[in-house]
Amino acid sequence: MFQSGVPFHETGTFKSRRTFLPDDQYGVALDNLVKGCTDILLLNPSGTHVFAGKRRVQPQPDWWFTGGRMFPGETPVQSCQRLLRRELGLEIESRRFAAVCAQAFAFGMRQQEPKEHGTTDTQFCFRVQLKNEEEVKKVVLDEEEYCDSEWKLPSEILEGNYHPAMKYAVGCMLAGEALEKMQECEEKGGSDADIAKLTREFLKRRKAVDDVMKKNDYKLVSKELNYQTTVHSKY
């Protein structure tokens, strides 16, 4: 997503009336609604590695983003801030979030009964680069939901057996970083040759994003849940 952020438009005055739904009611809601989610690509302080958690629950019991469901009335960034605060104890200023991409999902399974009804989501993905080791030490996931976590090179995700949504997001992040370098060069009065070189790099990374959609051979295998499946991706 090569834009400054995700616009939030409040028409009139909105007041959230969110309430807790019992499991049976929440299951009906999942059958009829598409959840809005915000997910975050966390980068280490040097910006070289992306944090990923390996989920042990549906949907997507494999490597995945940090994030979760949006609440009514939240901006996407406010949702990211709440989720990072709740899950990792991180207090991240809004200016540190950069929009990466938007995606949509349909999962054949879900954690809530009846599990085989699945669930559907839309995702706003952002990136955040951590500042220091103090923030890094806070990045510990819930063991009931995750069985493993690692800091991974972007190339490892792009070239390995990872969900195409993760590959797409990482590809968009790299293309966005190339665009930022091009813009910075232009703002500083860089030469036409330098700008042309950075433009070619951006276009190369932008094309690689579309290639993710064409070369999807991902296979999800969860021994813990005795579950395996594949993913079909399309625009």
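# Close-up views of a predicted model

**Figure 1. Helix α2 in the predicted model.** Helix α2 is built from 13 residues and reaches 18 Å from its first C-alpha to its last, which is close to the 18 Å expected at 1.5 Å a residue. The helix carries a set of buried residues, namely P76, V77, S79, C80, Q81, R82, L83, L84 and L88, and the buried residues of α2 pack against the strands β1, β4 and β6. For a reader looking at such a list, it helps to recall that an α-helix has 3.6 residues a turn, so residues three or four places apart point the same way. After α2 comes G89, a residue whose phi is positive, near 70 degrees.

**Figure 2. The largest pocket and its lining.** The volume of the largest pocket is about 1,300 Å³. Its lining is made of 44 residues, and the closest to the centre of the pocket are Y26, K35, G68, R69 and Q112. Which elements give two or more residues to this lining? They are the helices α1 (23–32) and α2 (76–88), together with the strands β1 (35–43), β4 (66–69), β5 (98–107) and β6 (119–129). When the lining of the largest pocket is sorted by class, 21 residues are nonpolar, nine are polar and 14 are charged.

**Figure 3. The second largest pocket.** This pocket has a volume of about 600 Å³. It is lined by 26 residues, of which A104, F105, H163, V231 and H232 are the closest to its centre. Two or more residues of the lining come from each of β5, α5 (164–187) and β9 (227–230), and the largest share, six residues, is given by β5. By class, the lining of the second largest pocket holds 16 nonpolar residues, nine polar residues and one charged residue.

**Figure 4. Helix α5 and the glycine after it.** Helix α5 has 24 residues, and the distance from its first C-alpha to its last is 34 Å, close to the 34 Å expected at 1.5 Å a residue. Is this helix mostly covered or mostly uncovered? It is mostly covered, since 17 of the 24 residues of α5 are buried. Just after α5, G189 takes a positive phi of about 80 degrees. Helix α5 is also one of the elements that give two or more residues to the lining of the second largest pocket.

**Figure 5. The hairpin of β8 and β9.** Strand β8, which spans residues 219–222, has a covered face with L220 and S222, and an uncovered face with K219 and V221. In a regular strand the side chains alternate between the two faces of the sheet. Strands β8 and β9 run antiparallel and are joined by four bridges; in β9, Y227 is the bridge partner of S222. The two strands form a hairpin with four residues between them. In the turn lies N226, which has a positive phi of about 50 degrees although N226 is not a glycine. Is N226 buried or exposed? With a relative accessible area of 74%, N226 is exposed, because residues over 50% are counted in that class.

**Figure 6. The loop between β2 and β3.** P59 lies in the loop between β2 (50–55) and β3 (63–64), and the peptide bond that leads from Q58 to P59 is cis, with omega near -10 degrees. Q60 is found in this loop as well, and Q60 has a positive phi of about 60 degrees although it is not a glycine. The relative accessible area of Q60 is 3%, so this residue counts as buried, a class that takes values under 20%.

**Figure 7. A cis peptide bond between β5 and β6.** E113 and P114 are joined by a cis peptide bond, for which omega is about -10 degrees. The proline of this pair, P114, lies in the loop between β5 and β6.

**Figure 8. D217 in the loop before β8.** D217 has its place in the loop between α6 (192–214) and β8. Its relative accessible area is 62%, so D217 is exposed, being over the 50% cut-off. D217 and E74 are 143 residues apart in sequence, and from C-alpha to C-alpha they are 35 Å apart in space.

Note on methods:
Residues are numbered from 1 along each chain as its sequence is written. Side-chain values use heavy atoms; hydrogens and water are left out. On a 1 Å grid over the protein atoms alone, a cavity is a set of points where a 1.4 Å probe fits but cannot get out, and a pocket is an open set with protein on both sides within 12 Å along at least five of seven lines; lining residues have an atom within 4 Å of a point. Grid points are joined across faces, edges and corners, and a volume is the space filled by probe spheres set on the points. Ala, Val, Leu, Ile, Met, Phe, Trp, Tyr, Cys and Pro count as nonpolar, Asp, Glu, Lys and Arg as charged, and the others, Gly among them, as polar. The expected span of a helix is 1.5 Å times one less than its number of residues. Buried means under 20% relative accessible area, exposed over 50%, partly exposed in between (1.4 Å probe, protein chains only). Contact means heavy atoms within 4.5 Å. Two strands pair if DSSP finds at least two bridges between them.
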